[in-house]
Amino acid sequence: MIRFGLRLAVSGGREALTRLVIIAAAVAVGAGLLLVTLAGVNAVNAQLTRYASLYPHASAGGGADPLWWSTRRDYFHGKQISRVDVAATGPGSPTPVGIPKTPGPGEYYVSPALTTLLAVTPAVQLGDRYPGRNLGTIGPAALPSPDTLLVIVGHTPDEVAKLPNARQLTSVGDRIPALPETVVDLILGVIAGGLLFPVLIFIGTATRLSAARREQRFAAMRLVGATPKQISVIAATEAAAAAIAGTALGFALFFALRGQLAAIPFTGMRFFPGDMFLRPLDVLVVAFGVPAGAALAAWVSLRRVRISPLGVTRQVTPRPPRAYRLIPLVLGVAELTFVIGRRPDTSDGQTAVFLPGLLLIMTGLVLAGPWLTMTCARLMASRARRPATLIAARRLADNPKAGFRAISGIMLALFVTSVAIGVITTIVANRGPARIGSTDAGTMSTAFYDDPPSVPDTLLAELRSIPGVRSATVIRLNPVRKDEPGVIACTDIPTAYGRCAGGVTVAAVADNFIPYRESASSARVWPTASVSLDDLQRLPVVSIVVGTDGSAAALERSRTLLSREFPNFWVAPNAPGEFESDFADQLRGWKQLANVVIVASLALAGCSLAVSVVGGLTERKRPFSLLRLSGAPVRILRDVVALESAVPMLAVAVVAIGMGFLAAQLFLKAQMGYTLTAPGLEFSAIVIVGLVACLGIIASTLPLLERITGPETARSE
């Protein structure tokens, strides 16, 4: 039977060969996207693992001379520069990954991206932070991304030992688990829920193409003595043959385009080509899973129909879905609502309460989809004023599961990505960097909480001489920490940052003149400090604040000067929002990934709908031909097909996005106390353009209707 099934698939005439080619092409696209998804997960994990290796844990033992290591943060134009200070304690000290030898005092290595930046930037803005000799570039093994800005600076052991976060290592390059694990889980959740499901729906839809025509052929085989088991084997063989060819082509497409895909910054940073790799398990899952899934889909499709020996096909009209399908959806929303004000303290406890709620909502959406489709169809039928609307509504109401099947993937994709984008947009809005051009963004400060230095007047004079610098101010530590951490004489407060009340000589101020979660203001009145002018000068310095006109040159020259004067920083001098922007940039990367998932899932949904429309047209050639013979114009038939596809898709999109934003609001309120910030026009534009593209794909199949519903079809069927 298997050999006979292969002969039918390959030599069964033009129609069979065309069906084989179409299914193979569709499976190739689906398998290729599946491979890209799996390789993308591996690439993100590899990227995060190399990032984690920049922050190693202290290690001892093994008899080797330890390597002193300190990782710190520097900035340039709002971008993070990772700075690693190292010192070998002997000839047996390990060498950092990516460089040929450990740099000595006055030597350093830089990443290729930082090498380019140093070449085009004046030294007073960046290069002077790294005095000494540049030994060369850092290799990819140490870089999370080709765009990473990294410098490895050599010192003496005593110098590194005094730096913040210094530690001794007896081995480097160990595979440290990717950081943070919760972020990896988020990525896997977004990809699995948002992209894999539409891919599988697309593959399953493609393998069911022309199912009705095949059933007619199988009925003829039953008439000449074929058993149901033999028919199942033939059907599975035909589907598997097309799927195997499509899977092979999908592998070829993946390896041909892997380099170009790695260069796309899906998460905000490019991958190295080698990051887009497939594990043996990934290869086995796709190579065997896709053909097996196609064969299973063909077998399941036959179980829905009983083909008698006389070739009579009987289809059982499915029962309409009931409202009880909404129960998981309601329970999920109720569970997330209950957590507000009752959030567990531990991360494991938070996962245990938030994850089930989200999974309940996702399950509820899938279960409730047919019921929502049926409800929408009945509402459309009750308000129908045209024949096309009534016919489409009646057909959807009669079999809502079939109408929802092709678009179930888009519902999950839009829900998951709406949750992710809603949460990310809100966190970025609350923790993101200062507005470009504001007084906040033009403020550069460096803090000294652990080792307060003395600040020479010559340094302040040099800072004030930089073009674009408006003020350079020293703030001292407030001995009474009730209000603000710093104190300053009222006469020293720059006018851009506020003033004191009348008669006050010393004020309590923020360590950068900008209170937490507020902005700089010339109208701010600072509270009175319980410190006299005489005692003020004896207090330790807590920070130096440089006010600029916001120009990049003024900010970077000030940062470079402060970094050279006070080299033992943990976080380099920074403008408001730069320290927070590291986290915000990561979130923007996940937001960009979510946007990619939306675009891909919408495209897949459009292709699935197109395949479903083509299959439906092929199966309903005769009914449509009879309608045309009875006087129905082609325009009405086109409207019927378009409404059957477009109405469920648009309804599902609205429900999925609405539920996604509701779940995001409940999560944000319970976890962080934030109120959902509406995503910008970018999200709306992506969704609208994607839905319009899906409608365009559906419209591209409609010209087929006129060609296959002529009078000859009604006579020949």
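Q: In which helix does I327 lie?
A: Welcome to this predicted model! A good starting point is residue I327, which has a place in a helix. That helix is α9.

Q: Is I327 buried, partly exposed or exposed?
A: The relative accessible area of I327 is 48%. Buried would need a value under 20%, and exposed a value over 50%. Since 48% falls in between, I327 is partly exposed.

Q: What accessible area do Y324, I327 and L331 have together?
A: I327 has company at the surface, where Y324 and L331 join it in a nonpolar patch. Taken together, the accessible area of these residues is about 330 Å².

Q: Where does R319 lie, and is it buried or exposed?
A: R319 sits in the loop between β8 (313-315) and α9 (327-339). Its relative accessibility is 72%, and the cut-off for exposed is over 50%. R319 is therefore exposed.

Q: Which residues form a positive surface patch with R319?
A: R319 is part of a positive patch on the surface. Its partners there are R322, R378 and K401.

Q: Why is strand β15 largely enclosed by the rest of the structure?
A: Strand β15 covers residues 541-548. Its enclosure follows from its count of buried residues, which is 8 of the 8.

Q: Over how many bridges does β10 pair with β15?
A: Two antiparallel pairings of β15 can be followed here. With β9 (residues 443-447) there are 5 bridges, and S445 stands opposite V545. With β10 (residues 469-477), A472 has V546 as its bridge partner, and the number of bridges is 7.

Note on methods: Residues are numbered from 1 along each chain as its sequence is written. This is a predicted model: local features need pLDDT of at least 70, side-chain atom pairs count only at pLDDT 80 or more; totals for chains, interfaces and linings use all residues. Side-chain values use heavy atoms; hydrogens and water are left out. Patches are made of residues with over 30% relative accessible area and no salt bridge: like charges are joined within 9 Å, nonpolar side chains (Val, Leu, Ile, Met, Phe, Trp, Tyr) within 5 Å. Accessible areas come from the Shrake-Rupley method with a 1.4 Å probe; for residues, only the protein chains shown count as cover. A salt bridge is a side-chain nitrogen of Lys or Arg within 4 Å of a carboxyl oxygen of Asp or Glu. Lys and Arg count as positive and Asp and Glu as negative; His and the chain ends are not counted. The place of a charge is taken as NZ of Lys, CZ of Arg, CG of Asp or CD of Glu. Helices (H or I, at least four residues) and strands (E, at least two) are DSSP runs, numbered from the N terminus. Buried means under 20% relative accessible area, exposed over 50%, partly exposed in between (1.4 Å probe, protein chains only). Two strands pair if DSSP finds at least two bridges between them.
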